[in-house]
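Please work through the exercises below with the sequence and the model at hand. Each task is followed by a solution in steps.

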Amino acid sequence: GLSGGARVGKNKIFLTLQAFNNLEFARSQKLQKAAVKIQAVWRKCLAERCFIITYCCVLMLQSHCRRLLSTKSVDAMLAKSYNRGCGIQGEFTAAERDIFSETNATQQQSAQNAEMRYTIK
């Protein structure tokens, strides 16, 4: 481009109008590409910031929902186990009560026998 449209002086370069317009066009193209790149990077930064805020909000919402669901689940399990415990206690039969009372009576009798041995000697 500039070989026929420029003359070199001692301190300056003199351009023809066509060479000057070619240089200005190339310069404006470079500036436009740089501006587009800067705008794209800025839009990307804003989008990332927006995404991070949205992502954190979603995580917080999920955490609260999980906590509520687990609390309901634990409450249901506790109520169920309490009801089962009442049922088990209700099924404690008279025969089992007798066995339990016989075991206690035997233990009390052996304790009394041990006391008598120590008092006799």
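The exercises concern salt bridges, a nonpolar patch and cysteines.

This is a predicted model, in which local features need pLDDT of at least 70, side-chain atom pairs count only at pLDDT 80 or more, and totals for chains, interfaces and linings use all residues. Residues are numbered from 1 along each chain as its sequence is written, and side-chain values use heavy atoms, with hydrogens and water left out.

**Exercise 1.** Determine how many salt bridges a search of the whole structure finds, and describe them.

*Solution.*

Step 1. A salt bridge is a side-chain nitrogen of Lys or Arg within 4 Å of a carboxyl oxygen of Asp or Glu. The search of the whole structure gives 2 salt bridges.

Step 2. One salt bridge joins the side chains of Arg-27 and Glu-24, with 3.1 Å from N to O. These residues are 3 residues apart in helix α1 (residues 17–90), so about one helical turn separates them. Helices (H or I, at least four residues) and strands (E, at least two) are DSSP runs, numbered from the N terminus.

Step 3. Another joins Lys-44 and Glu-48, at 3.7 Å from N to O. Both residues lie in helix α1, 4 residues apart, about one turn of the helix.

Step 4. For accessibility, buried means under 20% relative accessible area, exposed over 50%, and partly exposed in between (1.4 Å probe, protein chains only). Arg-27 is partly exposed at 47%, and Glu-24 is partly exposed at 31%. Lys-44 counts as exposed at 52%, whereas Glu-48 is partly exposed at 41%.

**Exercise 2.** State which residues form a nonpolar patch on the surface.

*Solution.*

Step 1. Patches consist of residues with over 30% relative accessible area and no salt bridge; like charges are joined within 9 Å, nonpolar side chains (Val, Leu, Ile, Met, Phe, Trp, Tyr) within 5 Å.

Step 2. The patch is formed by Val-8, Ile-13, Leu-15, Leu-17, Phe-20 and Leu-23, which together have about 610 Å² of accessible area (Shrake-Rupley method, 1.4 Å probe; for residues, only the protein chains shown count as cover).

Step 3. The elements giving two or more residues are β2 (13–15) and α1. Helix α1 gives the most, with 3 residues.

**Exercise 3.** Explain why Cys-50 and Cys-56 are too far from the closest cysteine sulfur for a bond.

*Solution.*

Step 1. A disulfide is a pair of cysteine sulfur atoms within 2.5 Å.

Step 2. The closest cysteine sulfur to that of Cys-50 is in Cys-57, 9.7 Å away, which is too far for a bond. For Cys-56, the closest is also in Cys-57, at 7.0 Å, again too far.

Step 3. The count is 0 disulfides.
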